[in-house]
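Q: Please pick one spot in this model and give it a close look. Then work outwards from there, keeping it informal.

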Amino acid sequence: GPIGQQEAIMQVVEGKENVILMGDFNFRPDTDQYALTTAVLNDAWLRRWPDGVDDQGIQLTDRIDHIFVSPDIVVEDMRYILDPASDHPATTAVLTQP
């Protein structure tokens, strides 16, 4: 989405705990919106798979669906489910609190 929209969302969640922000954001990891978001929240995909590739070899550099979490959230698992029935993968995560 537009940068202004993402700035407004970040103002609401900045400094808060137990934040899970997820959805079809329509921005990729190489965008200003992503950089703005990950300055405040963690990308759950990279928390689970720090090198960007999961244990099945899935590496999605052009992903637009994201799950972002505050640093206090534990990401136990994170998956993208590739299915030809959709125009982009489904996103799932197992999240807990310490």
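**Around Arg-79**

A: Let's start with Arg-79, which counts as buried because its relative accessibility is 19%, the cut-off for buried being under 20%. Keep in mind that this is a predicted model. On the confidence side, the chain averages a pLDDT of 92, and 99% of the residues score at least 70. Among the elements, strand β2 (residues 42–43) has the highest mean pLDDT at 97, while strand β5 (residues 90–96) has the lowest at 93.

So who does Arg-79 pair with? One partner is Asp-77, in a salt bridge whose closest N and O atoms are 3.3 Å apart. Another is Asp-54, and here the closest N and O atoms are 3.7 Å apart. That second bridge ties together parts 25 residues apart in sequence, because Asp-54 lies in the loop between α3 and β3 whereas Arg-79 is in strand β4. Asp-54 is buried, just as Arg-79 is.

Zoom out a notch and you get a salt-bridge network made of Arg-48, Asp-54, Asp-55, Asp-77 and Arg-79. Arg-48 has an aromatic neighbour as well: this arginine lies over the face of Trp-49, 3.9 Å from the ring centre.

The whole structure has five salt bridges. One of them joins Asp-43 to Arg-63, with the closest N and O atoms 2.8 Å apart. This pair also links distant parts of the chain, since the two residues sit 20 apart: Asp-43 in strand β2 and Arg-63 in the loop between α3 and β3. Asp-43 and Arg-63 are buried too.

Now for the nonpolar side. Trp-49, the ring under Arg-48, belongs to the largest nonpolar core, an 11-residue set that also includes Ala-44, Trp-45, Ile-67, Val-69, Val-75 and Tyr-80. At least two residues of this core come from each of α3 (44–48), β3 (65–69) and β4 (74–81). Strand β4, home of Arg-79, gives the largest share, three residues. Val-75 is a handy one to click on: leaving aside residues up to four places away in sequence, it touches Ala-44, Arg-47, Arg-48, Val-69, Val-94 and Leu-95. So Val-75 has Arg-48, a member of the salt-bridge network, among its contacts.

There is a second, separate core of nine residues, and Val-13, Val-19, Phe-25 and Phe-27 are among them. Two of those names lead straight to the rings. The structure has six aromatic pairs. Phe-25 and Phe-68 make an edge-to-face pair, because their planes stand at 70° with the ring centres 5.4 Å apart. Phe-25 is in the loop between β1 (20–24) and α2 (32–38) and Phe-68 in strand β3, so that pair spans 43 residues. Phe-27 also pairs with Phe-68, but this time stacked, at 6.3 Å centre to centre and 25° between the planes. Phe-27 sits in the loop between β1 and α2 as well, 41 residues from Phe-68.

How buried are these rings? Phe-68 counts as buried at 0% relative accessibility, Phe-27 is buried at 2%, and Phe-25 is buried as well. Add Tyr-34 and you have the cluster that ring pairs make of Phe-25, Phe-27, Tyr-34 and Phe-68.

Methods:
Residues numbered from 1 in each chain as written. Predicted model: local features only at pLDDT ≥ 70, side-chain atom pairs only at ≥ 80, totals over all residues. Heavy atoms only, no water. Core = buried A, V, L, I, M, F, W, Y, C linked by side-chain atoms within 4.5 Å. Buried < 20%, exposed > 50% of the residue type's maximum accessible area, 1.4 Å probe, protein only. Helix = DSSP H or I, 4+ residues; strand = E, 2+ residues; numbered from the N terminus. Contact = heavy atoms within 4.5 Å. pLDDT = per-residue confidence, 0-100. Salt bridge = Lys/Arg side-chain N within 4 Å of Asp/Glu carboxyl O. Phe/Tyr/Trp six-rings, centres within 6.5 Å; stacked < 30°, edge-to-face > 60°. Lys NZ or Arg CZ within 6 Å of the ring centre and 35° of its normal.
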